[in-house]
Structures are given as structure tokens and as C-alpha cells.
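Biologist: Could you take me through one part of this model in some detail? I would like to begin with a single residue and work outwards from there.

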Amino acid sequence: MFSAPSFLASYPQPHKKISDLFRRISTERQSNYKLITEKLSVLLKNAAEKLKKDSFNILSVGCGNGAGGDFLIFEIVKNFVVASRKKTSMFYQAIEEDAAELRFFKESADSWSSENRQLNSSFRWFVGSWQEFQTETKSDSTKFQLIHFIHSIYNMDVENTLCDCIKNKLAKGGLIFCLVADPDNPLKRFYEAHPSFHTPIISSEDVVSVASKNGWKYDCFQVPYQIDLTEMFKESSADGKLLMDFFTKTKEYRSVAEKSELEQVEKYWLNDSKVADDGKRKTFGKVCAVIIYKF
Ligand SMILES: C[S@@+](CC[C@H](N)C(=O)[O-])C[C@H]1O[C@@H](n2cnc3c(N)ncnc32)[C@H](O)[C@@H]1O
């Protein structure tokens, strides 16, 4: 099951081993779930109450295998449908360029919907990029009550993507939900201090700036998360080496780096972390939910 922390998602093809490591040492996924449960669920309920048709349409862009939030959204939609006793059905359009991830999602969603028949759900699976989907659906008039990007907007043209959604794909009264890294995230701070490792990272600022430039109403919420860096300071730790390689984008960084540069990098992370009550050395970031509304 793959879900990368937000700053890791800005890498074009995050490495599975690193993604798994971050799942163990970072609390980011819990923060994502908190934003979906506490913020998105209320808005979905309101949007469903205003729904004139009987189908609640959701577009999930860069859904991965669905574990990052899609199944949580299914549950939320199911719960308010059951609570309201409305005969609402859910139509879910998933877009993902990684065929294996989408196949995994489809299998899990098939079994989810057969176990949750109180919600009449139907799915469409698009294997390919968002850009290909945009081209192929140019004349499609389907409108969605929710369009979401759960840590998936990082490699897209933010302005083109959001404008197309607002203009052509989002229903009136609907919302776009973007989970993105906060501008003050650990990797960005590190790159700012070490320009030689630099990679531009899309953050909530980029989404907010498109929304305000276009005069759209939006909200922004943040939930903190932490990453346990303890292993990175242990020379013999395999996890620690992997983490160091990831931050510096250098294979076997501990062995190949100049001693003085390695010391500098270690010193940086010592300063950008602190020892928590459980004795682990942690660095901190925030996940942002930028929510854009269409009236
Ligand atoms: C960090 S993962 C997040 C996956 C999922 N939303 C989650 O939270 O677990 C980003 C996903 O977006 C997909 N992705 C990135 N750029 C994409 C694009 N242009 N079109 C379609 N999928 C894209 C990647 O393949 C990857 O599965």
C-alpha cells in the first residue's frame, strides 16, 4: 500500500522503499485523515443536502491505490446517505497513471461496494495522466460535486488544472479539495539551507495564489505532523542511510560525501529537530487542506 508524505510526493517517482519508510516514521497520513474527517466530511454533507439530482459525483485525481483517503471518503458519503435516508448514489471517477496502483484500488473498491450495498456506487477507472483525461473528456458534460487531489497536484500545472476543474468539471455548489504540503515543510527548509540539493516543491501557497488570483472563495486548514529522524543519526542504520540518501538525493550519501559536508547536513537536521517526550528525535511539518468553492 503506497502513500507518500506530501513532500515526498513532489518527487516524480517516489521509491517504494522510501515511501514505506515514511509510512513508519511519519504521522502525515493521520494528519491527512484528520483533515478529511473533520473538514471535508462537513462540506460533503452540505453539498449532498443541496444535491438536486440523485447521484453524488466524485472525481479523484492521482488516487494511487485509494488508501490515502478515497476509502475514507466512501465511508463518509455512505454514512450521510444512510443517515439522510436519501436515495443518493455515488459515482466515482478515478484517475491514476500508475496502472498497478489503480488495479489494486479497483479490486478493493469492488469488494467495498459489494459489502456496502446500502450505497448504490458505480466507478469509472481511467489509467493515464490527468492531462490525458482532460483531453479525452473535453466534450464530456459530467459535473462533479467533489474533485479531490490528495497529495497529487505536485507534478501538475496548478493553474491550468484548477481552472479547468472550476470551469468545466465542478458542479455549482461543489468543491475542490486539495491536500498539499505547507510551504514550511521539512524538505523545503532543508533545500533552502542547501541550494545544491534543491528541487522546487509545490505547496499550499501555489494553490492559494491561483484561487485568489481568480477571485474564487477558498479556505485553508492545517494539521501538524512529525517525522522521526532518530535512525538517521545512527551510522549503521539501514533506515537511517535510506533517509539520508533521500534528503540529499545521493545514493550511499554517508559513504560518498565529503566528511565536512556530511557533518554540515547532520548538524542541519540536529538543529531542525528536537527530542520528543518518547526520546525520539523529530522534525515537524504541516499538511494543508485548500478547499475551493464554486457558487
Ligand atoms: C503521493 S501519491 C498520492 C496517492 C493517493 N492520492 C494517496 O494519497 O495515497 C501521488 C499519486 O498521484 C499520481 N499522479 C501524479 N501525477 C499525476 C498525473 N499527472 N496524472 C495522474 N496521476 C498522477 C501518482 O502516480 C501517484 O499515485
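Leaving aside its neighbours within four places in sequence, which residues is Ile-176 in contact with?

Modeller: Happy to! Please keep in mind that this is a predicted model. Once the neighbours within four places in sequence are set aside, Ile-176 is in contact with Ile-147, Leu-162, Cys-165, Leu-170 and Ile-292. Ile-176 belongs to the largest nonpolar core, which has 53 residues, and together with Cys-178 it touches the most other members. Strand S5, residues 170–181, gives the most to this core, with nine residues. As general background, nonpolar side chains in soluble globular proteins tend to be buried together.

Another core lies apart from this one, and its ten residues include Phe-22, Met-232, Leu-243 and Phe-246. Two of these names lead us to helix H10, residues 238–248, whose buried residues are Leu-243, Met-244, Phe-246 and Phe-247. Because these residues cover an arc of only 160° around the axis, they sit on the same side of H10. Their packing partners are helix H2 (16–25), H8 and helix H11 (253–256).

The pairing of H2 with H10 can be described more fully. Their axes are 10 Å apart and the packing angle is about 110°, so the two helices are roughly perpendicular to each other. The crossing of H2 past H10 is left-handed. On the H2 side, Lys-17, Ile-18 and Leu-21 take part, and they meet Asp-239, Leu-242, Leu-243 and Phe-246 in H10. Leu-243 and Phe-246 thus appear in this meeting of helices and also among the members of the ten-residue core.

Just after H10 comes Lys-249, with a positive phi near 55°. Further on, in the loop between H10 and H11, is Glu-252, a residue other than glycine that also has a positive phi, near 55°. Most residues other than glycine have a negative phi. Glu-252 is exposed, because just 10 other C-beta atoms lie within 10 Å, and the cut-off for that class is 12 or fewer.

For a backbone angle of this kind in another setting, look at His-151, which is not a glycine yet has a positive phi of about 50°. His-151 is found in the loop between strand S4 (144–150) and helix H7 (158–169). With 25 other C-beta atoms within 10 Å, His-151 is buried, as the threshold for that is 20 or more. Strand S4 and helix H7 are also where we can place some partners of our starting residue: Ile-147 falls within the range of S4, and Leu-162 and Cys-165 within that of H7.

One more loop is worth a look, the one between helix H8 (186–193) and helix H9 (204–213), where Ile-201 has its place. Ile-201 is partly exposed, with 19 other C-beta atoms within 10 Å. Its C-alpha atom is separated by 17 Å from that of Thr-161, a residue 40 places away along the chain.

Finally, a second helix pair makes a nice companion to H2 and H10. Helix H3 (residues 28–49) and helix H4 (residues 70–84) pack at an angle of about 40°, with their axes 10 Å apart, and that makes H3 oblique to H4. Their crossing is right-handed. The contact involves Tyr-33, Ile-36, Thr-37, Ser-41, Leu-44, Lys-45 and Ala-48 from H3, and Leu-72, Ile-73, Ile-76, Val-77 and Phe-80 from H4.

Definitions and conventions:
Residues numbered from 1 in each chain as written. Predicted model: local features only at pLDDT ≥ 70, side-chain atom pairs only at ≥ 80, totals over all residues. Core = buried A, V, L, I, M, F, W, Y, C linked by C-beta atoms within 7 Å. Helix = DSSP H or I, 4+ residues; strand = E, 2+ residues; numbered from the N terminus. Contact = placed C-beta atoms within 7 Å. Arc of directions from axis to C-beta. Axes fitted to C-alpha atoms, helices over the stretch in contact; angles between N-to-C directions. Parallel < 35°, antiparallel > 145°, perpendicular 65-115°, else oblique. Left-handed = near helix turned anticlockwise from the far one by under 90°.
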